[in-house]
Amino acid sequence: MILVNTDYISGKELQTLSLVKGSTIQSKNIGRDITQGFKTLVGGELKAYTEMMNDARNLATQRMVEEAQALGADAVINVRYASSSVMQGAAEVMVYGTAVKFI
């Protein structure tokens, strides 16, 4: 599956199928949340949260790809990510794009 953030794929003619999306809401466990809270006192990267967001993006992307594959798509164009805080220590990640088939 080809994923691009452009509205074309060089050398390919495309047939638009449908909007596809994937999302997830992730949170860290309370122990990690407390240790990351202490990290804010001294500054620096909150590695546990970076890891959480990377995992969330990967899962959301996987769900979008599965939706596109179910439509028979060869690629997803115009891929975009969005995230928002749902509650303290939890975030939603959404990815969406246009499923296309090569013609």
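**Figure 1. Ser27 and its partner across the sheet in the predicted model.** Ser27 stands opposite Ala90, a residue of strand 4. The two strands concerned are strand 2, residues 14–27, and strand 4, residues 90–102. They run antiparallel and are joined by 13 bridges.

**Figure 2. The pairing of strand 3 with strand 4.** Strand 3 covers residues 75–87 and runs antiparallel to strand 4, with 10 bridges between them. Within this pairing, Ala82 stands opposite Met94 of strand 4. In a regular strand, side chains point alternately to the two faces of the sheet.

**Figure 3. The turn between strand 3 and strand 4.** These two strands form a hairpin with two residues between them. Gly89 takes a positive phi here, near 85°.

**Figure 4. Lys12 and the ring of Phe102.** The charged end of Lys12 sits over the Phe102 ring, at 4.7 Å from the ring centre. As for contacts between rings, the structure holds zero aromatic pairs.

**Figure 5. Thr61 and its surroundings.** Thr61 is a residue of helix 2. Its relative accessible area is 13%, under the 20% limit, and therefore Thr61 counts as buried. Leaving aside residues up to four places away in sequence, Thr61 touches Leu3, Tyr81 and Val95. Of these contacts, Tyr81 falls within the range of strand 3, residues 75–87, and Val95 within that of strand 4, residues 90–102.

**Figure 6. Asn58 on helix 2.** Helix 2 spans residues 47–70 and includes Asn58. Is Asn58 buried or exposed? Asn58 is exposed, because its relative accessibility of 54% is over the 50% limit. The C-alpha atoms of Asn58 and Gly22 are 9.9 Å apart, while the two residues are 36 apart in sequence. Gly22 belongs to the stretch of strand 2, residues 14–27.

**Figure 7. The whole chain, for orientation.** Two helices and four strands make up the secondary structure elements of the chain. Along the sequence they follow the pattern β-β-α-α-β-β. Of the 103 residues, 30% are buried. Among contacts between residues at least 6 apart in sequence, 73% join residues at least 24 apart. The accessible surface of the chain is about 6,400 Å², and carbon and sulfur atoms account for 51% of that area.

Notes: Residues are numbered from 1 along each chain as its sequence is written. This is a predicted model: local features need pLDDT of at least 70, side-chain atom pairs count only at pLDDT 80 or more; totals for chains, interfaces and linings use all residues. Side-chain values use heavy atoms; hydrogens and water are left out. Two strands pair if DSSP finds at least two bridges between them. Rings of Phe, Tyr and Trp (its six-membered ring) pair if their centres lie within 6.5 Å; planes under 30 degrees apart count as stacked, over 60 as edge-to-face and the rest as tilted. A charge sits over a ring if NZ of Lys or CZ of Arg is within 6 Å of the ring centre and within 35 degrees of the ring normal. Buried means under 20% relative accessible area, exposed over 50%, partly exposed in between (1.4 Å probe, protein chains only). Contact means heavy atoms within 4.5 Å. Accessible areas come from the Shrake-Rupley method with a 1.4 Å probe; for residues, only the protein chains shown count as cover.
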